[in-house]
Each structure stands twice: as C-alpha cells, then as structure tokens.
Amino acid sequence: MPKALIKIVAPAGAALALLSSAAWAQTPSDADRYAYGPHMMWWGGGGYAMILGPLFMILVLTALIAAVVLLARWAGGPWQGTIPPHYMPPGRTALDILKERFARGEIDKDEFEQRRRVLGD
C-alpha cells in the first residue's frame with residue numbers, strides 16, 4: 001500500500017469511527033424499554049388472555065391421555081366382557097361332564113347312574 005493512500009485512509013477510518021460513536025450517543029436511551037407500565041408488556045392490559053395457557057394445557061393433557069387409552073384398547077384387541085365365575089362353554093352340558101368324569105375313572109358306575117338319574121336323563 002502506498003504511503004499517500006495510508007495517510008488518507010487512516011484519518012478517514014478514525015473519523016468514521018468517531019462519527020458513528022457520536023451518532024450512537026445522540027440516540028434516545030432505552031432505560032425504560034423493559035419497565036412495566038400501566039399495561040403489561042404494552043398489550044393493552046390483556047390479562048384476561050392468561051386463562052388460555054392453563055386451558056390449552058388441560059386440553060393437550062386430555063388429548064394425550066385419550067390417545068394413550070385408545071392405543072391401549074386397540075393393542076389389546078376386542079373387549080370380551082367379564083366371564084361369569086361358573087362359566088360353561090357352549091355345547092358342554094352337565095351330562096357331558098359326568099361322562100368325562102366316568103371315563104377318567106373319577107366316579108364308579110353306580111355313582112354315574114345315580115347322578116345321571118338326578119340330572120333327568
């Protein structure tokens with residue numbers, strides 16, 4: 001760089017730096033920029049809108065819980081209802097059970113005949 005150019009550029013850069021800082025010094029101060037005035041954050045006193053936060057939180061939680069319940073029901077398959085404590089599968093009668101017990105040897109012939117008569121067959 002030639003010396004003549006340096007003699008022009010250096011003072012110009014210094015002057016530019018001083019002018020920009022002088023310009024910043026003239027701008028209004030932001031001391032009250034974050035101060036709370038009569039209206040919260042300059043929203044025109046919109047405190048009534050603060051109820052929306054909790055309402056949306058409840059809405060989102062309800063939707064999340066409903067989604068989990070529906071997913072669990074879907075993954076579990078169709079609901080069969082409650083089974084009675086003394087449930088007998090269809091097509092199987094008391095006489096069928098009596099015949100099975102006799103076939104397994106749990107009861108003898110006399111007891112089988114006596115219980116068959118009680119059942120009415």
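This report describes the fold, the model confidence and the side-chain packing of one protein chain.

## Model and confidence

The structure is a predicted model, and the mean pLDDT of the protein chain is 76, with 60% of its residues reaching 70 or more. Confidence varies along the chain: among its elements, helix H1, covering residues 3–26, has the lowest mean pLDDT, at 68, while H2 has the highest, at 92.

## Secondary structure and surface

The protein chain contains 4 helices and 0 strands, and its elements follow one another in the pattern α-α-α-α when read along the sequence. Of the 121 residues in the chain, 4% are buried. The exposed surface comes to about 11,200 Å², of which carbon and sulfur atoms supply 69%.

## Helix H2 and the residue after it

Helix H2 runs over residues 52–76, and its 25 residues should span 36 Å at 1.5 Å a residue; the C-alpha atoms at its ends are 36 Å apart, so the expected and modelled spans agree. Just after H2, Gly77 takes a positive phi of about 90°.

## The aromatic pair between H3 and H4

A search of the whole structure finds 1 aromatic pair. The ring centres of Phe102 and Phe112 lie 4.8 Å apart and the ring planes meet at 25°; because planes under 30 degrees apart count as stacked, this pair is assigned to that class. Phe102 belongs to helix H3 (residues 94–104) and Phe112 to helix H4 (residues 109–119), so the pair ties together parts that are 10 residues apart in sequence.

The two partners fall into separate accessibility classes. Phe102 has a relative accessibility of 34% and therefore counts as partly exposed, whereas Phe112, with a relative accessible area of 10%, is buried.

## Packing around Leu98

Leu98 also lies in helix H3, and its relative accessible area of 6% means that Leu98 is buried, since the cut-off for that class is under 20%. When residues up to four places away in sequence are not counted, Leu98 touches Ile107, Phe112, Arg115, Arg116 and Leu119. Phe112 is thus a contact of Leu98 as well as the ring partner of Phe102.

A backbone distance complements this contact list: the C-alpha atoms of Leu98 and Glu111, which are 13 residues apart along the chain, are separated by 9.9 Å.

Technical notes: Residues are numbered from 1 along each chain as its sequence is written. This is a predicted model: local features need pLDDT of at least 70, side-chain atom pairs count only at pLDDT 80 or more; totals for chains, interfaces and linings use all residues. Side-chain values use heavy atoms; hydrogens and water are left out. Helices (H or I, at least four residues) and strands (E, at least two) are DSSP runs, numbered from the N terminus. Buried means under 20% relative accessible area, exposed over 50%, partly exposed in between (1.4 Å probe, protein chains only). Accessible areas come from the Shrake-Rupley method with a 1.4 Å probe; for residues, only the protein chains shown count as cover. The expected span of a helix is 1.5 Å times one less than its number of residues. pLDDT is the predictor's confidence in each residue, from 0 to 100. Rings of Phe, Tyr and Trp (its six-membered ring) pair if their centres lie within 6.5 Å; planes under 30 degrees apart count as stacked, over 60 as edge-to-face and the rest as tilted. Contact means heavy atoms within 4.5 Å.
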